[in-house]
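Good morning, colleagues. I should like to take a few minutes to go through one model with you, beginning with the side chains and ending with the sheet.

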Amino acid sequence: MESAAGVESRPTAARYALAILAAVVSLLLRKMLTPLLGTQYPFVTAWPAIVFSAWYCGIGPSVVSTLVSVLGIGYFFIPDFNSLTFQDPKTAISGMVLFSVFSSFIIDLGEATCRSKAPSEREVAERRRIEEELRKAQVQLESRVQERTAELSIANQNLSLETARVKAQAEWLDAANDAIFVVGSDETITYWNKGAERLYGWTRAEAIGKSPHKLLRTEFPSALAEITRQRQRGGWQGELVHTKRDGTKVTVASHWTTLKDSHNNLSSWLEINRDVTDRKAAEDARQLNAQLLKIQDDEHRRIARELYDNTGQMVIASMLNLGRLKASGNLSTEEKRLLSTCDTMLQSVSSELRTISHLLHPPLLDEAGLWTALEWYVEGFKQHSGIAASLERDSNFGRMNADLEVAIFRVVQECLTNVHRHSGSREATVRLLRPFGEVRLEVQDRGRGIPAEESSEIPGDGAMGVGLRGMRERIYQLGGNLSVESNGGGTTIVATFPIPEETAASDEEVTAA
């Protein structure tokens, strides 16, 4: 007899089809026995079908088989034949009801028997499966233990050879200025050179046998597990923060290289660290300056917009109101004079507001581009300063990205301001050139020049004025270079900027068009 699990494992449609087929076969068999049995024992062949369905098909199919049997017997084998009307309805219906009741008992008995047998069969199958898995696991474990034991034995031998080779090379590593140390397979230091002693403060005897990460209190840029995986695949490099013996922190550019033995097995790893603390501090300061310049530009743009949109509009409204007051005709001569004076002052204020707004952030820079903005600025500079300033450019000079245009405009502003304040020159020239792949800005005057000790500090990190420092940071932020040529006959400041690829591509499309 099959268990409940075995019965339920068959597809549902197959179980129902099998039960219906059993009922149909029983009806055909009863049809064949009709010459022998006549109208007696109409249900005699249906019982095997019910028992079969209960044992092998489940409750639902058994019920369907019972219904098919009852309907088929009532239609074919109870008079009137081939009809569901009966000559003796009472006897026919009672027989069919009794058949159905006894069939339900058989179905219940079959289901109960299957379900009582299922747990024991499952337990036996599960026990066999577990025993088989345990046997396989034991075989695999024994094999792995043997393999691992052999590997460890070989690794120990190779480690001894590798240690001897590393010691032979130690004298070469001691000559390096960088901190160099070797970490064995047990993650402890096996070699510590003189450069490491100078950088971190611990002697070789104090460092040997210690974990480098615990000794130096390493701060990693990412998870140590990920760095270890990269190291095992061949090497890793990046920046780490270590704590020296005196408690101060140092940033190092670290290179990790995996060392292998003669059998190409990983045996240890070499770490080379170079102190980049000062360089890192300079980079952080430069990034901070770049952020401050960006904030400054955004603030200039906001103030310029507010001056033009708010304060400027209020001044214009006041001028209109004064005009209406003058047109009223009920004013004395003194009042008209005062109103005219106020109107003149407001016009002056409006002009100054417009000039200040444009100097903070010229709208032409966004709307028409760098060249138009520079033309406007240089013309205004000539009028206010009295210096004969000229503007020259290449014929193929087009639009660039916004950051580059803002930076060039601010550099020109700062250079011409310095010409006006410090050079004593009566003329200045601004040139914009565009050799292949870069933009070259030259600002030249004919003044007294810059002292040699001061001009040498402008491209570097020496002390200088706030304006020059901002100019330098703008150029460096965009990957450019700054140089100063100065003598008794004047000063030339040259700034070069790389052109981003997308800007160069768009310019080529414009030229082709």
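**Aromatic residues, a helix and a sheet**

Let me start with Trp192, which is buried, with a relative accessible area of 0%. Please bear in mind throughout that this is a predicted model.

How many aromatic pairs are there? The count comes to nine. One of them joins Trp192 to Tyr200, with the ring centres 5.8 Å apart and 40° between the planes. That pair is classed as tilted, because the class covers angles that are neither under 30 degrees nor over 60. Tyr200 is buried as well, at a relative accessible area of 1%. Elsewhere, Phe43, Trp47 and Phe99 make up one aromatic cluster.

On the cysteines I can be brief. The structure contains zero disulfides. Cys57 has a relative accessible area of 0% and is buried, whereas Cys342 is partly exposed, at 36%.

I turn next to helix H15, which covers residues 402–423. Does its length correspond to what one would expect, and what is the expected span? At 1.5 Å a residue, its 22 residues should span 32 Å. The C-alpha atoms at its ends lie 30 Å apart, which agrees with that expectation. Is the helix enclosed or open to the outside? Of the 22 residues of H15, 16 are buried, so the helix is largely enclosed by the rest of the structure.

Both ends of this helix deserve a remark. At the start of H15, a side-chain oxygen of Asn401 comes to within 3.2 Å of the backbone nitrogen of Asp403. After the helix comes Gly424, with a positive phi near 75°.

Finally, the sheet. In what order do its strands lie? This open sheet has five strands in the order S2-S1-S5-S4-S3, and their pairing is antiparallel. Its edge strands are S2, residues 189–192, and S3, residues 235–243, each of which pairs on one side only. Neighbouring strands are turned against each other by 25° on average, with direction ignored.

Trp192, with which I began, lies in the edge strand S2. At the other edge, S3 is joined to strand S4, residues 249–260, by nine bridges, and the two run antiparallel. As one example from this pairing, His242 has Val250 in S4 as its bridge partner.

That concludes my overview, and I thank you for your attention.

Key:
Residues are numbered from 1 along each chain as its sequence is written. This is a predicted model: local features need pLDDT of at least 70, side-chain atom pairs count only at pLDDT 80 or more; totals for chains, interfaces and linings use all residues. Side-chain values use heavy atoms; hydrogens and water are left out. A disulfide is a pair of cysteine sulfur atoms within 2.5 Å. Buried means under 20% relative accessible area, exposed over 50%, partly exposed in between (1.4 Å probe, protein chains only). Rings of Phe, Tyr and Trp (its six-membered ring) pair if their centres lie within 6.5 Å; planes under 30 degrees apart count as stacked, over 60 as edge-to-face and the rest as tilted. Helices (H or I, at least four residues) and strands (E, at least two) are DSSP runs, numbered from the N terminus. The expected span of a helix is 1.5 Å times one less than its number of residues. A polar contact is a pair of N or O atoms within 3.5 Å; within protein, one must be able to donate a hydrogen and the other to accept it, and residues adjacent in sequence count only if both atoms are side-chain atoms. Two strands pair if DSSP finds at least two bridges between them. Axes are lines fitted to C-alpha atoms, for helices over the stretch in contact, and angles run from 0 to 180 degrees between N-to-C directions.
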